[in-house]
Amino acid sequence: MQVTQVSADGLKHHLKVVVPAADIETKVAERLSALAKTARLPGFRPGKAPVSLLKKQYGRSVTGEILEKSIDEGSKKAIADNQLRPALQPKVEVTSFDEGKDLEFELHVENLPTPPEVDLAAIELTRYEAEIPAETVQKALDDIVKANRPYAEPAEPRPAQQDDRVTIDFAGKIDGVAFDGGTGKDMPVVIGSGMLVPGFEDQLVGTSVGEEKVIEVTFPEDYGAENLKGKAATFDIKVTKIEEPGLVQLDDEFAKKLGQESVDKLKEAVEGRFAAEYGRATRMKLKRALLDVLADRYPFEVPPGMVELEFDAIWNQLTAEMQRQGQTFADENKSEEEAKEEYRKIAERRVRLGLLLSDIGTKNEVKVENKELQQAMIAQAQRFPGQARQVFEFYQKNPAALEQLRAPIFEDKVVDFIVEKAKVETQKVSPEELMKEVDEDEDEMLDVAEAADETRSS
Amino acid sequence: MNQERIYDIILAPVVTEKSTRISELNQVTFKVRGDAAKPEIRQAVEKLFNVKVTAVNTMVTKGKTKRFKGKAYRRSDVKKAIVTLEAGQTIDVTTGI
């Protein structure tokens, strides 16, 4: 076997491998005689069929098999000899083969880059934390109270007021014709809750029980139902009940109704929810900042094949999304080329970060423990109540799925590890500032995990 | 013998351990029509495979009597011809015509 390097350009290596015909022939002959020992052919006892006959029958497929094997072995050897670490499956191009001729094939390999050594201690990060403002908690509590207040019919019948709950029968018409979903009976409406078409609730003010009224509204342009957008409609309504909101004291009894022991406990629960939300935001910002630093400070060449793969994935997702929403690139004021350019950059960043993170992870022996996997699995199982057993079985049977669970955990742990080593300053910010841009970040995190996963498994 | 009959006489080669063994003696085995005569077989083989035949031996293997659902029936008889070729000549029976 002969391996020659045709060209090497950065991470791209182009090799040429020649396997002599004699090698292949002896291998085929060996394979055939091995086959002859067990072959069953009609007219012959098992293993007694002559090799020449077998060659006629199976020669082609055996040769094919041997060729495949030689190519496989050849590329492995070529890669080992040149000390390459392929990032992706190497591309093989057979240039010539014929019976009795040498097998020649070309190998296009993209080398896995060695990410630069990252000086973790030199990374400076700011951790943005937010206090939970007392007003926010109070407001949340007020909302809870408001949502849970009891309604009762007033002692003296009176016309409906703001904040009252009115029960109505209604029949909606556009141009005098009833439309789908425009009719209903006994629908409770809280005046001032803003749940219905703007203007509808306001016109209920001043009605009294038993009164019939025609309400005129115009559906807003951005209304959910396509056939109603911007249409003017009339609703024939009949008020059947008017109830006024009762007062609720925020006391232990009220807390108990919500499943909490006391007001303090309720307050704690609300605070806990905010704390968790802010904590997530804090972590996301920190991670985002860390990834930015890593991407900016440690540039290195990444295999174009991997970038291409990632780009294709992003692009397919994006175009599918756009198609579903009926958008085009023109809507966003940019040409398709510009968009492609932009997403190519994103793909490259993701690949680079994925490689870098997985490299840091392996170098520092960050490992995902079985226990952590188990926890993730349980979390998954809880998303499908009643089918926990099936979920566990699914993961037991699909190592690839398990790997998908492992990736984000691994990534999180690597990030934790880096944050631990890095210089981190803590800075207080307002909650609004903290929550800004958080949604956007979340999307990216997931993809880095995939990139990291790819490099590890290859 | 007319020309079409040449193509009708020889039905198939016999490829078995035994036939492979006697191929070393320059003999080739065929299944032939039941009513084929030795001179006909010689002529057919010579024409079809473009070889010289020195001898033709034939045999008829009688069909076995079998039973299916209690009813007896008989398998067809098969006539086989072992054709000896002139030294140095061969027929590759596995490739077909």
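**Exercise 1. Where can we trust chain A?**

In which helix of chain A is confidence lowest, and in which is it highest? Work this out before reading any other detail.

*Solution.* Start with what kind of model this is: it is predicted. Step one is the overall score, and chain A has a mean pLDDT of 75, with 89% of its residues at 70 or more. Step two is to look helix by helix. Confidence is lowest in α12 (residues 438–457) of chain A, at a mean of 46, and highest in α1 (residues 21–36) of chain A, at 83. Step three is to look at the stretch 441–458 of chain A, where pLDDT stays under 50. The model has 35 contacts beyond four places in sequence for that stretch. Where pLDDT is low, the predicted coordinates should not be read in detail.

**Exercise 2. Compare the two chains**

Set out the confidence, the secondary structure and the burial of chains A and B side by side.

*Solution.* Take one property at a time.

- Confidence: chain B averages a pLDDT of 90, and 96% of its residues score at least 70, while chain A has a mean of 75.
- Secondary structure: chain A holds 12 helices and 11 strands, and chain B holds 3 helices and 6 strands.
- Burial: 37% of the 458 residues in chain A are buried, against 30% of the 97 residues in chain B.
- Surface: chain A exposes about 27600 Å², with carbon and sulfur atoms supplying 48% of it; for chain B the area is about 6600 Å² and the share is 50%.

For chain B you can also write the order of elements along the sequence: α-β-α-β-α-β-β-β-β. As for the complex, the predictor gives an ipTM of 0.79 and a pTM of 0.53.

**Exercise 3. Find the core of chain A**

Which residues of the largest nonpolar core touch the most other members?

*Solution.* This core has 49 residues, and those touching the most other members are Val118(A), Ile123(A), Leu125(A), Leu290(A), Leu294(A) and Ile418(A). Next, ask which helices feed the core: α5, α6, α7, α8, α9 and α10 of chain A each supply at least two residues. The largest share, 10 residues, comes from α10(A).

Now zoom in on one member. Beyond its neighbours within four places in sequence, Val118(A) is in contact with Ile123(A), Leu294(A), Tyr298(A), Leu356(A) and Ile360(A). Apart from this core lies another, of 24 residues, among them Ala36(A) and Leu53(A).

**Exercise 4. Describe a helix pair**

How do the axes of α7(A) and α10(A) cross, and within what distance do they come?

*Solution.* Two packed helices are described by the angle between their axes and the distance between the axes. Here the axes come within 10 Å and cross at roughly 75 degrees. Angles of 65 to 115 degrees count as roughly perpendicular, so α7(A) and α10(A) are roughly perpendicular to each other. On the α7(A) side, the contact is made by Leu357(A), Ser358(A), Ile360(A), Gly361(A) and Thr362(A). On the α10(A) side, Phe410(A), Glu411(A), Val414(A) and Ile418(A) take part.

**Exercise 5. Spot the positive phi values**

Most residues other than glycine have a negative phi. Examine Asn50(B) and Lys69(B) with that in mind: what is the phi of each?

*Solution.* Asn50(B) has a positive phi of about 60 degrees, and Lys69(B) has one near 55 degrees. Then locate them. Asn50(B) sits in the loop between α3 and β3 of chain B, and Lys69(B) in the loop between β4 and β5 of chain B. Finally, check accessibility: exposed means over 50%. Asn50(B) has a relative accessible area of 66%, so Asn50(B) is exposed. Lys69(B), at 77%, counts as exposed too.

**Exercise 6. Classify two residues**

Are Ala140(A) and Val93(B) buried, partly exposed or exposed?

*Solution.* Ala140(A) lies in helix α3 (residues 134–147) of chain A. Its relative accessibility is 12%, and buried means under 20%, so Ala140(A) counts as buried. Among residues more than four places away in sequence, Ala140(A) touches Val270(A) and Phe274(A).

Val93(B) belongs to the segment after β6 of chain B. With a relative accessible area of 25%, Val93(B) is partly exposed. Setting aside neighbours within four places in sequence, Val93(B) is in contact with Pro13(B), Val15(B), Val28(B) and Phe30(B).

Definitions and conventions:
Residues are numbered from 1 along each chain as its sequence is written. Chains are lettered from A and ligands numbered from 1 in the order in which they are written. This is a predicted model: local features need pLDDT of at least 70, side-chain atom pairs count only at pLDDT 80 or more; totals for chains, interfaces and linings use all residues. Side-chain values use heavy atoms; hydrogens and water are left out. pLDDT is the predictor's confidence in each residue, from 0 to 100. Helices (H or I, at least four residues) and strands (E, at least two) are DSSP runs, numbered from the N terminus. Contact means heavy atoms within 4.5 Å. A nonpolar core is a set of buried Ala, Val, Leu, Ile, Met, Phe, Trp, Tyr and Cys residues joined through side-chain atoms within 4.5 Å. Buried means under 20% relative accessible area, exposed over 50%, partly exposed in between (1.4 Å probe, protein chains only). Accessible areas come from the Shrake-Rupley method with a 1.4 Å probe; for residues, only the protein chains shown count as cover. Axes are lines fitted to C-alpha atoms, for helices over the stretch in contact, and angles run from 0 to 180 degrees between N-to-C directions. Angles under 35 degrees count as roughly parallel, over 145 as roughly antiparallel, 65 to 115 as roughly perpendicular and the rest as oblique.
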